[in-house]
Amino acid sequence: MSRLLGDLTKHNGKHHYCYRCLHRFAKVEILKGHLQYCSEHFPQHIKMPEKGENFIKFQNVHYQHPLPYIIYADLESLIVKEVHTSGNTESIARHEASGYAYVIIGPDGRSVKQISVYRGKNAVQNFMENILKEKEELAAKLASLVPIHKTPQDELDFRSVTHCSVCKKALKGDRVRDHDHQTGRYRAALHSICNLKFRLSKKIPVVFHNLKNYDGHLIMQEIGKLKDYEISVVPTTMEKHMIFSLSKTYKFKVSLNFVDSFQFLSTSLEKLVQNLTHDKFNILKENFSHHNMS
């Protein structure tokens, strides 16, 4: 085998080959260690798709469904002087959360309730307690089903449309009415299977700006104390996370997905706000009607 495959490398020493996968090793001891794992698997080969099946198409149509609820939140902290030495590192202060605010936006793009603001001790603990209560309330709403409300124009559109708005294929005799389960509003005519796939998302995003580099550190310390919740994390390092979620079954599993908006808008909130005109501050006007926008 070494004579047959020896020209594949410039190494002049003896090679030891695995007769199952033809992988080469410089030492027989390494080959023996490899064989105990290689023998557990079947041989592999590349199989190309048949003609007519050699294309990929989008399958997860439910990801096209707009999220009905989203929470925007922010934590504020104080720098508390505290000298602490650990090894060669000396800490001279720590960040202690002093308050928070969050607002819940519903399917109509308006605030579900008045903005929640808290200032005081144990701010992160208080935030998690309240945000989990909000999750249970929203989960109950997601579990409810509002019957479809049709107008004569909706019925006319349903009967006249020829193609499914999800898969774009001809409807023919297979057509059903798709509607928003939260508002009852008619949306489109779909195939029955497309309607089943186009299901409502059970995720509630909780958006922080710069979550990964700041707020996430404070929240993760509190999440570690929670019980009976399933925690999922997408980390970049041991201390930084792109996204993390909390889920608990309420008739079905509903999860809070903590997301960092800074990953999509890589500039400060101050600069982002400066790019907006006064007519864009709808949520601010709802919650702070006395605020002077000029």
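These are my notes from looking up the cysteines, one helix and the enclosed space in this structure.

**Before starting.** I am working from a predicted model.

**Cysteines.** I went looking for disulfides, taking two cysteine sulfur atoms within 2.5 Å as the cut-off. The count came to zero. I checked Cys21, and its nearest cysteine sulfur belongs to Cys18, 3.6 Å away. Cys21 is therefore in no disulfide, since a pair has to lie within 2.5 Å. I also noted that Cys21 has 39% relative accessibility, so I put it down as partly exposed. Next I tried Cys167, where the nearest cysteine sulfur is that of Cys194, at 3.8 Å. Cys167 is in no disulfide either. With 28% relative accessibility, Cys167 goes down as partly exposed too.

**Helix 3.** How far apart should the ends of helix 3 be? I took its 21 residues, 123-143, at 1.5 Å a residue and got an expected span of 30 Å. The C-alpha atoms at its ends are 30 Å apart, so that agrees. Then I listed who is buried along helix 3: among them are Ala123, Phe127, Ile131, Leu138 and Leu142. Glu134 and Lys135 turned up on the buried list as well.

**Enclosed space.** I searched for cavities of 30 Å³ or more and found one. The largest cavity has a volume of about 40 Å³. Which helix gives the most to its lining? I found helix 6 in that role, with five residues. Strand 10 (241-250) supplies at least two residues of this lining. Lining residues I jotted down include Leu211, His217, Met220, Glu239 and Phe244. Sorting the lining by type, I got three nonpolar, three polar and three charged residues.

Methods:
Residues are numbered from 1 along each chain as its sequence is written. This is a predicted model: local features need pLDDT of at least 70, side-chain atom pairs count only at pLDDT 80 or more; totals for chains, interfaces and linings use all residues. Side-chain values use heavy atoms; hydrogens and water are left out. Buried means under 20% relative accessible area, exposed over 50%, partly exposed in between (1.4 Å probe, protein chains only). Helices (H or I, at least four residues) and strands (E, at least two) are DSSP runs, numbered from the N terminus. The expected span of a helix is 1.5 Å times one less than its number of residues. On a 1 Å grid over the protein atoms alone, a cavity is a set of points where a 1.4 Å probe fits but cannot get out, and a pocket is an open set with protein on both sides within 12 Å along at least five of seven lines; lining residues have an atom within 4 Å of a point. Grid points are joined across faces, edges and corners, and a volume is the space filled by probe spheres set on the points. Ala, Val, Leu, Ile, Met, Phe, Trp, Tyr, Cys and Pro count as nonpolar, Asp, Glu, Lys and Arg as charged, and the others, Gly among them, as polar.
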